[in-house]
Amino acid sequence: MLDLNGFSFGTRAVRAGTEPEPVTGAIMTPVFQTSTYVQPKPAEAKVHEYSRSGNPTRDALEFAVAELEGSKHGLAFASGMAAIDTVLRLLSSGDHVVASDDLYGGTYRLFTAVLERFGISFSFVDAREVEQVAQAMRPETKLVWVETPTNPLLKIVDLAKLAEVAHAGNAWLAVDNTFATPYLQQPLQLGADFVVHSTTKYMGGHSDVVGGAIVVREQALRDRLWYLQNAIGAVPGPWDCFLTLRGLKTLHVRMQRHCENAAKVAAYLSEHAAVDRVYYPGLPSHPGHEVAASQMSAGGGMVSIELKGGVDAGYKLCMNTQLFQLAESLGGVESLIEQPATMTHASVSPEARRAAGLADGLVRLSVGIEDGDDLIRDLEQALAAK
Ligand code: P1T
């Protein structure tokens, strides 16, 4: 296998995980659409024995995701939620987690509506304030869980500082890197113990596949996660792995354009008379801009806004854009718009949304890779619509 050490991110994105297939020389890893593998002897496998436990197309994807996060140890899952759930299954009843107050609604739902029933407890704090995390730590705290930038408020959390606080309390730091992607930010290099992805988003990049991933630094931790994955079974099919791997090859090119377009959109909206607040970490006025500049190489592709006309104006905007299509999800080549309070974050209680600062009128934009000026014209006409 080509040693990718020393190559830049783009080269690694194109080549990671894909080797010419040994029998035919196929340059792209084939879709090994098989559930099982014929064995030479009982209890002896050629490589894999059963596709829940392992599959060559999945191996290629796992290798590629790990390589881009600066590690050798990755696992691919059937969805982002399956990846998150598997990290949490390292914990036991009685354990405690400190989590940031702004998280994808599905993550919040898994934590509070499912895992609390199994005796794991959660404290939600504003993780931008490292002190708040430190104060929430208990002797039974095993994990600190954050996103940065957060979904949907794009709060920025200082990962290096948080890793220190988590480790001082003998806890792990897990970072959901879905919004940033390893192109912009590599949490393992900043001290995180787990990086988690919804590969459904930028990693796959084309809104055609649901998937997830975990990357860790050490083989031993990877083996514990693999044990859980194999025991639980939320694995991706080979076709989904193929699509995600294909998407990964252009991650750097797509992310450049996402960031460029989002920066333009954020600057345009900041000047618009109908707009009350713009949340975008690439704007110097964003409270997390300095930390973002120190740990991310650009501001990312997500922009959230509040309009002066509140909920009604936000609703109207969602109903009037043409290029920004009204849908959940993010990170695909096409631009999306949505209202978190009624859509992606509807499972977060109104009290928890208020505590995190998530206004009912907030509108979230996933800025795609279309022509940036066309996107701005679309927002202009939608904001002017009667
Ligand atoms: O949808 P799934 O692949 O299971 O990933 C869940 C998930 C995990 N982490 C983050 C930061 C996410 O944003 C998501 C999914 N988010 C959306 C569907 C959304 O529209 O925000």
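**Exercise 1.** Why does the ligand lie between domain 1 and domain 2?

*Solution.* Keep in mind that this is a predicted model. Start with the shell around the ligand: domain 1 (9-248) gives residues to it, and domain 2 (252-384) does too, so the ligand lies between them. Next, look at who comes nearest: of the 20 residues around the ligand, these are Asp176, Ser198, Thr200, Ser329 and Arg364. Then sort the shell by class, and you get six nonpolar, nine polar and five charged residues. Finally, check the helices and strands: helix H3 (residues 80-88) gives the most to the shell, with three residues.

**Exercise 2.** Find polar side-chain atoms that lie within 3.5 Å of a ligand N or O atom, then work out how much of the ligand the protein covers.

*Solution.* Begin with the ligand's nitrogen atoms. Aspartate 176 puts a polar side-chain atom 2.6 Å from one, and lysine 201 has one at 3.3 Å from a nitrogen. Now go to oxygen: here a polar side-chain atom of asparagine 151 is 2.9 Å away. As for cover, the ligand on its own has 480 Å² of accessible area, and the protein covers 92% of that. The ligand's spot is the second largest pocket.

**Exercise 3.** Walk the loop between strand S4 (141-147) and helix H6 (159-168) and pick out the unusual backbone geometry.

*Solution.* First, the yardstick: most peptide bonds are trans, and most residues other than glycine have a negative phi. Proline 149 is in this loop, and the bond leading to it from threonine 148 is cis, with omega near -5°. Proline 152 is in the loop as well; a cis bond with omega about 10° joins it to asparagine 151. Last comes leucine 154, also in the loop, whose phi is positive at about 55°.

Key: Residues numbered from 1 in each chain as written. Predicted model: local features only at pLDDT ≥ 70, side-chain atom pairs only at ≥ 80, totals over all residues. Heavy atoms only, no water. Near = heavy atom within 4 Å. Polar contact = N/O pair within 3.5 Å; in protein donor to acceptor, adjacent residues only side chain to side chain. Areas by Shrake-Rupley, 256 points an atom, 1.4 Å probe, with all protein chains shown as cover. 1 Å grid on protein atoms, 1.4 Å probe; cavity = no way out; pocket = protein on both sides within 12 Å on 5 of 7 lines; lining within 4 Å. Sits in = over half its atoms within 2 Å of the grid points. Helix = DSSP H or I, 4+ residues; strand = E, 2+ residues; numbered from the N terminus. Nonpolar A, V, L, I, M, F, W, Y, C, P; charged D, E, K, R; others polar. Domains from an automatic or database assignment.
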